[in-house]
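Me: I am new to this structure and would like to learn how to read its features one at a time. Please show it, and we can start from there.

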Amino acid sequence: MLTKMLSDFDKNYLIELANLLAIADKPILWDGKTLDELTSETDLSKISIQKGAIESELIEEMSGSSLIVEPVKQQKYSVIGAMAGMFKGSPETRFLEKMKRIPVHKTEDPALRLEAAASVMREIMEGRKFDLPSVPKLILFELMLLALSNGVVTGIEWSLLKEVQHYYQFDDFIFDDLMERAKTMNVEMAKTISIILE
């Protein structure tokens, strides 16, 4: 909704974080099967994430059609940092690589999931600083809206939002105010959709 205020480069950054937030607590699939459905014939090398439809749609809306990275000379972090991020792969790939190192029967453990997701999030955020505090606040707010899209923020999502808060050194009252506004907006949007569909 507010992503139009972001440059294309900053929008790319938001979408990287959003893609990670959207999958961090979703079921992992091996050869298309959940943990409960595994058999002796399941190919455990084929690992993927069961993505949520609502989050995927919201991220697609965030992306729009003009997702073009600005020249590196305009960025707020080093060229080396930018190039390193490009070669690490997508947030999903990086997250799944970390999850592969965990024993299959422990991959749904919230603490281990959070550890893997937070590690990827720190890699994405590394070196990303902004001259204006309004940009990371807007990014955090959009991530909050994404986390609320299913009606409730899960423990893993909450912890990842806190990672963003701590990285950009926002006071607790700023985080709380943004979360309150995000909750209010989420409720109002649901009411509006309900009225339209009546």
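Me: Is lysine 106 buried, partly exposed or exposed?

Reply: This is a predicted model, and the reading goes by relative accessible area: under 20% is buried, over 50% is exposed, and partly exposed is in between. Lysine 106 has a relative accessibility of 41%, so it counts as partly exposed.

Me: Where does lysine 106 lie?

Reply: Lysine 106 is in the loop between helix H4 (91–100) and helix H5 (110–125). From C-alpha to C-alpha, lysine 106 is 9.6 Å from leucine 35 in space, while the two are 71 residues apart in sequence.

Me: How many helices and strands does the protein chain have?

Reply: The protein chain has eight helices and two strands. Read from the N terminus, the order of the elements is α-β-β-α-α-α-α-α-α-α. The chain has 198 residues, and 39% of them count as buried.

Me: How do I read a pair of helices, and at what angle do the axes of H7 and H8 cross?

Reply: Two packed helices are described by the angle between their axes and by the distance between those axes. Here the axes of helix H7 (residues 155–167) and H8 come within 11 Å, and they cross at roughly 130°. H7 and H8 are therefore oblique to each other. Their crossing is right-handed.

Me: Which salt bridge pairs a residue of helix H7 with a residue of helix H8?

Reply: The general idea is that side chains of opposite charge can pair when their charged atoms come close. In this case aspartate 172 forms a salt bridge with lysine 162, and the closest N and O atoms are 3.7 Å apart. Aspartate 172 is in helix H8 and lysine 162 in helix H7, 10 residues apart, and the pair links distant parts of the chain. Aspartate 172 counts as partly exposed because its relative accessibility is 46%. Lysine 162, with a relative accessible area of 18%, is buried.

Me: How many salt bridges are there in the count?

Reply: The count comes to 12 salt bridges. One of them joins arginine 128 and aspartate 10, with 2.8 Å between the closest N and O atoms. Arginine 128 lies in the loop between H5 and helix H6 (134–147), and aspartate 10 lies in helix H1 (residues 8–23), so this pair ties together parts that are 118 residues apart in sequence. Both arginine 128 and aspartate 10 are buried.

Me: What about lysine 26 and aspartate 25: which is buried, and which is partly exposed?

Reply: The side chains of lysine 26 and aspartate 25 meet in a salt bridge at 3.4 Å, N to O. Lysine 26 counts as buried because its relative accessibility is 12%. Aspartate 25, at 23%, counts as partly exposed.

Me: Which residues are joined into one network by salt bridges that share partners?

Reply: The network is made of Glu16, Arg94, Lys98 and Glu123, joined by salt bridges that share partners.

Me: Which residues make the nonpolar surface patch of about 350 Å²?

Reply: Ile193, Ile196 and Leu197 make this nonpolar patch. To place one of them, isoleucine 196 is in helix H8 (residues 172–197). With a relative accessible area of 62%, isoleucine 196 is exposed, because the cut-off for exposed is over 50%.

Terms used: Residues numbered from 1 in each chain as written. Predicted model: local features only at pLDDT ≥ 70, side-chain atom pairs only at ≥ 80, totals over all residues. Heavy atoms only, no water. Patch = residues over 30% accessible without salt bridge, like charges linked within 9 Å, V, L, I, M, F, W, Y side chains within 5 Å. Areas by Shrake-Rupley, 256 points an atom, 1.4 Å probe, with all protein chains shown as cover. Salt bridge = Lys/Arg side-chain N within 4 Å of Asp/Glu carboxyl O. Helix = DSSP H or I, 4+ residues; strand = E, 2+ residues; numbered from the N terminus. Buried < 20%, exposed > 50% of the residue type's maximum accessible area, 1.4 Å probe, protein only. Axes fitted to C-alpha atoms, helices over the stretch in contact; angles between N-to-C directions. Parallel < 35°, antiparallel > 145°, perpendicular 65-115°, else oblique. Left-handed = near helix turned anticlockwise from the far one by under 90°.
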